[in-house]
Amino acid sequence: MKIHPMQAACPLLFAALLPATAAAMQAAPPPASAPAPSEATPRARFTPPPPMRVWAPKKTPYSAYVAPNKPWWKLADVLALHKNEKRWSQPIIRNKDIVADWHQIAAGERTQAVAYSDNRTAIIVWSGTATVSIDGQAPFTARKGFELDIPFRVPFTLAATGSEPLLYFEIHAASDMPLYPVETTTTKPKAVDGFVYEQRLATGGPGGYDAANKPYLDYYTDVVGGGARPGAFIAAQHLFVNNIRGRATVTPPASNLGHYHVGYDEFWFVMEGNVDLQVEGIPVFTASAGDVISAAQGRWHRASFGGPVGQMGTRVAVNPYASGMHGYTVESGGRQ
């Protein structure tokens, strides 16, 4: 499989580094999905502060969609592009902050052990069965609907252990670069996009897990089936992955513009049900589970749950800022 430069990296690099690195990785807790509702500690619902009334800049003209970016990547179209291929990658999102791609490996295959330099990696497993190995954690099995959180500078691999190919969606900060361990990559990697590889010592240590960051969330079991509250899965520097769940309603009128973002693009992975998206300059459309939809920087946009009224839906919002600014019309009162 041709691996995009943002997709490869380092597995065993830190085993030979400082003792503190190994200690930190051993201290990471074992993988655990979200606790069952009866075990979960109740969280107070977040009450946003009142909006500020300001003169806010809006990019004019708004940003264009530059390939591979587009408002709606249908999963069916992605699969059609790679019909009869067992192992492939498809670029989906490319902007100044985030890159994201679909990947598939054949049954019985495994990915190269990789790590990323400075930011967490998010993965959504969509079909097939994976054995996930993250340094410092016991391997675990992931299936459709699993969301994975891999810390920076922590090597990991995915193995397609079922009888079907493994299909997954992988998200990185655009600034990250892959690291290759000399223990497993014995020849010098090829130069990529103006970067050349040399043997170096990587300091700073790996990231880890804590109360707010877990190795995975089994979304369909814990949230859809178990009633756990959806919410932010990753809220880190340069990467915000937020599960938003609700019931389908009648599509709001076009006069409801929603909001826009001053300095960044936003996209959504449709995890469950349907999502209606209205983007400035684009007719409203309804996406299905597995589709990826996006709003380019500076465009008004409004995402709502579509499909039959009352149907449950989930959109996984992805952008670079957990507290990113939303610009609303004065008349809206800061709501859509």
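Good morning. I begin with a pair of strands: β13, residues 232–236, and β14, residues 239–247, run antiparallel and are joined by four bridges. Please keep in mind that the model under discussion is a predicted one. Within this pairing, A232 has N242 of β14 as its bridge partner. The two strands form a hairpin with two residues between them, and there H238 adopts a positive phi near 70°. H238 is not a glycine, yet its phi is positive, at about 70°. H238 is placed in the loop between β13 and β14, and with a relative accessible area of 37% it is partly exposed.

A second residue with such a backbone angle is found elsewhere. N84, also a residue other than glycine, has a positive phi near 75°. N84 belongs to the loop between α2, residues 75–81, and β2, residues 88–94. Is N84 buried or exposed? Its relative accessible area is 76%, so N84 counts as exposed.

Let me return to the hairpin by way of N213. The C-alpha atoms of N213 and A236 lie 9.3 Å apart, with their positions 23 residues apart in sequence. N213 is located in the loop between β11 and β12. With a relative accessibility of 10%, against a cut-off of 20%, N213 is counted as buried. Setting aside residues up to four places away in sequence, N213 touches R120, D149 and F233. Of these, F233 falls within the β13 range of 232–236.

The loop that holds N213 also contributes an aromatic pair. Which geometry do Y180 and Y197 adopt? Theirs is an edge-to-face pair, with 5.2 Å from centre to centre and 80° between the planes. Both tyrosines lie in the loop between β11, residues 178–179, and β12, residues 216–218, so their pairing ties together parts that are 17 residues apart in sequence. Y197 is buried, at 14% relative accessibility, while Y180, at 21%, is partly exposed. With the boundary for burial at 20%, these two values of 14% and 21% fall on opposite sides of it.

I turn now to the chain as a whole. The chain contains three helices and 20 strands. Of its 336 residues, 48% are buried. The exposed area of the chain is about 16300 Å², and 58% of that is supplied by carbon and sulfur atoms. Considering contacts between residues at least 6 apart in sequence, 75% join residues at least 24 apart.

The next topic is the interior. The largest nonpolar core comprises 29 residues, and W102, F169, I171, F267 and V292 have the most contacts inside it. Another core, apart from this one, has 21 residues, including V125, F140, F146 and F156. What does F169 touch beyond its neighbours in sequence? Leaving out residues up to four places away, F169 is in contact with I92, A100, D101, W102, A122, I123, I124, F267, F269 and V292.

Several of these residues recur in the aromatic network. The structure contains 13 aromatic pairs, and ring pairs connect W102, W126, F169, F267 and F269 as a cluster. Three names, W102, F169 and F267, appear both in this cluster and in the list of residues with the most contacts inside the largest core.

I continue with lysines placed over aromatic rings. K70 has its charged end above the ring of W73, at 3.9 Å from the ring centre. K58 lies over the face of Y260, and here the distance from the ring centre is 5.6 Å.

K70 merits a fuller description. K70 occurs in the loop between α1, residues 19–27, and β1, residues 72–73. K70 is partly exposed, with a relative accessibility of 30%. Apart from neighbours within four places in sequence, K70 contacts Y65 and S294. Where the fold brings distant parts of the chain together, K70 is one example: its C-alpha atom is 7.6 Å from that of I293, although 223 residues separate them along the chain.

The loop that carries K70 also contains cis peptide bonds. One of them joins T60 and P61, with omega of about -5°, and P61 lies in the loop between α1 and β1. Another runs from A67 to P68, with omega near 10°, and P68 is likewise in the loop between α1 and β1.

That concludes the presentation, and I welcome discussion.

Methods. Residues numbered from 1 in each chain as written. Predicted model: local features only at pLDDT ≥ 70, side-chain atom pairs only at ≥ 80, totals over all residues. Heavy atoms only, no water. Phe/Tyr/Trp six-rings, centres within 6.5 Å; stacked < 30°, edge-to-face > 60°. Buried < 20%, exposed > 50% of the residue type's maximum accessible area, 1.4 Å probe, protein only. Lys NZ or Arg CZ within 6 Å of the ring centre and 35° of its normal. Contact = heavy atoms within 4.5 Å. Areas by Shrake-Rupley, 256 points an atom, 1.4 Å probe, with all protein chains shown as cover. Core = buried A, V, L, I, M, F, W, Y, C linked by side-chain atoms within 4.5 Å. Pairing = 2+ DSSP bridges.
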